[in-house]
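Let's take a walk through this one, stopping at a few residues and one strand along the way. Have the sequence and the 3D view open as you read.

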Amino acid sequence: MATIRLGDKAPDFTADSSMGSINLYDYLGDGWGILFSHPADFTPVCTTELGTAAKFKDEFDKRNVKMLALSVDGAASHAEWIKDINEVQQTTVNFPIIADEDKKVSDLYDMIHPNADNNLTVRSVFIIAPDKTVKLILTYPASTGRNFYELLRVIDSLQLTAYHKVATPANWENGQDVVVSPAISTSEAKEMFDKGVDEIKPYLRMTPDPTL
């Protein structure tokens with residue numbers, strides 16, 4: 001089982017899901033994707049996460065990001081669990097949950113960490129770019145639910161920095177000033193960014209968000 005690293009091609013797969021058979025590459029098309037795993041169906045933290053994810057779907061859609069969850073239980077179990085999620089979270093789960101009873105996808109993405117639990121996936125997150133490369137990997141223990149505001153924040157950063165020669169500083173949020181890439185000189189930056197460049201140090205230059 002190979003470890004997936006940033007920049008690697010996301011392994012393709014075809015699997016059953018709560019919405020029928022899904023092929024990852026076909027499902028993502030030419031957009032971005034977020035794949036996140038859950039330790040098991042009918043577990044408390046996952047129930048809150050999937051309900052929250054459903055409520056955030058419009059935000060992911062705005063960013064052209066397709067959501068895909070995974071649990072090591074089967075599609076029939078997912079269907080029953082979704083009823084609970086919809087009820088207690090007052091939402092409608094509106095994206096597929098992969099059925100991974102044989103752990104094929106979990107193994108492909110190294111989602112089972114034996115020192116944490118031999119059978120259940122940890123809370124893995126993979127953000128996949130349109131070229132199918134992995135741009136972000138996060139791993140939470142089963143006991144800690146994810147922050148979906150943070151997932152949107154990192155997607156905003158990834159999408160901005162994919163198309164502009166900038167990076168985003170600590171605690172950055174969409175619309176705030178960004179860091180000029182160290183790969184370009186200050187004189188180049190001043191030509192490139194017409195809203196101005198603030199040179200704090202030769203290696204630390206800030207500029208307004210170039211997309212605004």
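Start at Ser-17, which sits in the loop between β1 (14-15) and β2. Keep in mind that everything here comes from a predicted model. Is Ser-17 buried or exposed? Its relative accessible area is 4%, and the cut-off for buried is under 20%, so Ser-17 counts as buried.

What does Ser-17 touch once its neighbours within four places in sequence are left aside? The list runs to Ile-22, Ala-75, Pro-96, Ile-97, Ile-98 and Ala-99. There's also a long jump along the chain to look at: His-78 is 61 residues away from Ser-17, yet their C-alpha atoms are separated by 8.1 Å. Closer to home in sequence, the Ser-17 side chain reaches the backbone nitrogen of Met-19 at 2.9 Å. A polar atom of that Ser-17 side chain also lies 2.7 Å from the backbone oxygen of Gly-20.

Move along to Asn-23, which belongs to strand β2 (residues 22-23). Its relative accessibility is 18%, so Asn-23 counts as buried too, given that the limit is under 20%. Not counting residues up to four places away in sequence, Asn-23 touches Asp-12, Phe-13 and Thr-14. With Asp-12, the link is a polar contact between side chains; with Phe-13, the Asn-23 side chain goes to the backbone oxygen.

Next up is His-38, in strand β3. With a relative accessible area of 0%, His-38 is buried. Which side chains does the His-38 side chain make polar contacts with? Glu-49 is one of them, and Arg-146 is another.

Here are the polar contacts of Asn-23 and His-38 side by side:

| Side chain | Partner | Distance |
|---|---|---|
| Asn-23 | Asp-12 side chain | 3.3 Å |
| Asn-23 | Phe-13 backbone oxygen | 3.4 Å |
| His-38 | Glu-49 side chain | 3.3 Å |
| His-38 | Arg-146 side chain | 3.5 Å |

Now for strand β6. Why can β6 (residues 123-128) be called largely enclosed by the rest of the structure? Because six of its six residues are buried. In a regular strand, side chains alternate between the two faces of the sheet. You can follow that in β6: Arg-123, Val-125 and Ile-127 point one way, while Ser-124, Phe-126 and Ile-128 point the other way, and all are buried.

β6 has strand partners to check as well. With β3 (residues 32-38), β6 pairs in the antiparallel sense over four bridges. Within that pairing, Leu-35 has Phe-126 of β6 as its bridge partner. With β7 (residues 134-140), the arrangement is again antiparallel, and six bridges join the two strands. If you want a spot to look at there, Val-125 stands opposite Leu-138 in β7. What do β6 and β7 form together? They make a hairpin with five residues between them, and Lys-132 in the turn has a positive phi of about 70°.

Finally, zoom out. The protein is divided into domain 1 (8-146) and domain 2 (164-207). How far apart are the C-alpha centres of domain 1 and domain 2? They lie 35 Å apart.

Methods: Residues numbered from 1 in each chain as written. Predicted model: local features only at pLDDT ≥ 70, side-chain atom pairs only at ≥ 80, totals over all residues. Heavy atoms only, no water. Buried < 20%, exposed > 50% of the residue type's maximum accessible area, 1.4 Å probe, protein only. Pairing = 2+ DSSP bridges. Polar contact = N/O pair within 3.5 Å; in protein donor to acceptor, adjacent residues only side chain to side chain. Contact = heavy atoms within 4.5 Å. Domains from an automatic or database assignment.
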